[in-house]
Amino acid sequence: MRRLSLYLLLLTIFCLCFRPPSRAQDSPSHKVDTMAASAPTSGFRAEFLEEIAFYEQRYTQLAEAMPAEKYTWRPAEGVRSVGEVFTHITVANYGIARALGTAPPESFDPKAIAALSPDKPKVLQALKDSFAHFRSAIIALKEGDADKPQKMFNRSTTLRGSFIAITGHFGEHLGQSIAYARVNGVVPPWTEASQQQQQKPADKQKP
């Protein structure tokens, strides 16, 4: 158990500190919501939208890669399961958007979302919907409010500063999900793709 805790910690630190500098190719493949047409191309909102796209791609790819029967797996009693980590991010996306001034849809029910955790297809759809809502909340902000006081995760900061805290939250649970995947023998899809690319030159040299 102590080894697993250390593994989780190391993967979380790695996820936070060693992300690739360019993420243009990491944008989600599913249909972009209608507000994306007015998405900023520069400024602090545009930079944060790039962060959101990166994490959405990572979370959805990992959620898709995890076998459905593993969604109830947890490393120990009292710790979130695979599916519960994804539903936690889903609920958090709506909660953070509300803190930034965009109310969740009338149908939003945190308990109902949490109850989806064993159901892979429903978790995936709820996760994607929550990221679409979250992007809309960022687009709705005003560029001139970057230094406006903002409270996030019980910390007093600025609107711009709150983005750092949100990114940290994304990184923490992505590291957790990566550890869950590895323990269950699942290679993160982006790592698998990178490994395949590295093997191609060697394959070409074979007679």
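**Helices, a hairpin and selected residues in a predicted model**

The side chain of T60 comes within 2.7 Å of the backbone oxygen of E56, a polar contact (a pair of N or O atoms within 3.5 Å; within protein, one must be able to donate a hydrogen and the other to accept it, and residues adjacent in sequence count only if both atoms are side-chain atoms). The structure is a predicted model, in which local features need pLDDT of at least 70 and side-chain atom pairs count only at pLDDT 80 or more, while totals for chains, interfaces and linings use all residues. Residues are numbered from 1 along each chain as its sequence is written, and side-chain values use heavy atoms, with hydrogens and water left out.

T60 belongs to helix α2, residues 44-65. Helices (H or I, at least four residues) and strands (E, at least two) are DSSP runs numbered from the N terminus. With a relative accessible area of 8%, T60 is buried; buried means under 20% relative accessible area, exposed over 50%, and partly exposed in between (1.4 Å probe, protein chains only). When neighbours within four places in sequence are left aside, T60 is in contact (heavy atoms within 4.5 Å) with L124, L127 and K128. The C-alpha atoms of T60 and V123 are 9.8 Å apart in space, although the two residues are 63 apart in sequence.

The protein as a whole contains seven helices and two strands. Along the sequence these elements follow the pattern α-α-α-α-α-β-β-α-α. Of the 207 residues, 43% are buried. Among contacts between residues at least 6 apart in sequence, 76% join residues at least 24 apart. The exposed area is about 11,700 Å², with carbon and sulfur atoms supplying 54% of it; accessible areas come from the Shrake-Rupley method with a 1.4 Å probe, and for residues only the protein chains shown count as cover.

Confidence in the model is given by pLDDT, the predictor's confidence in each residue, from 0 to 100. The mean pLDDT of the protein is 84, and 79% of its residues reach 70 or more. Among the elements, helix α4 (residues 110-114) has the highest mean, 98, and helix α1 (residues 2-17) the lowest, 47. Over residues 12-34 pLDDT stays under 50, and for this stretch the model has 35 contacts beyond four places in sequence. Where pLDDT is low, the predicted coordinates should not be read in detail.

The two strands form a hairpin with two residues between them. Strand β1 (residues 149-152) and strand β2 (residues 155-158) pair in the antiparallel sense over four bridges; two strands pair if DSSP finds at least two bridges between them. One of the residues involved, K151, has S156 in β2 as its bridge partner. Side chains alternate along β1: Q150 and M152 point to one face and are buried, whereas P149 and K151 point to the other and are not.

Most residues other than glycine have a negative phi. F153, which is not a glycine, has a positive phi of about 55°. This residue lies in the loop between β1 and β2 and is partly exposed, with a relative accessible area of 38%. N154 lies in the loop between β1 and β2 as well. Its phi is also positive, about 65°, and N154 is not a glycine either. N154 counts as exposed, at 73% relative accessibility.

Helix α6 has 25 residues and spans 37 Å from its first C-alpha to its last, close to the 36 Å expected at 1.5 Å a residue; the expected span is 1.5 Å times one less than the number of residues. Because 19 of its 25 residues are buried, α6 is largely enclosed by the rest of the structure. H173 has its place in this helix, which covers residues 159-183. H173 is buried, with a relative accessible area of 6%. Its side chain makes a polar contact of 2.9 Å with the side chain of Q176. Not counting residues up to four places away in sequence, H173 touches Y59, R80, V85, H88 and I89.

N184 is found in the loop between α6 and α7 (189-205). At 17% relative accessibility, N184 counts as buried. The side chain of N184 reaches the backbone oxygen of Y180 at 2.8 Å. Apart from neighbours within four places in sequence, N184 is in contact with M66, K70 and W73. G185, which follows α6, has a positive phi near 80°.
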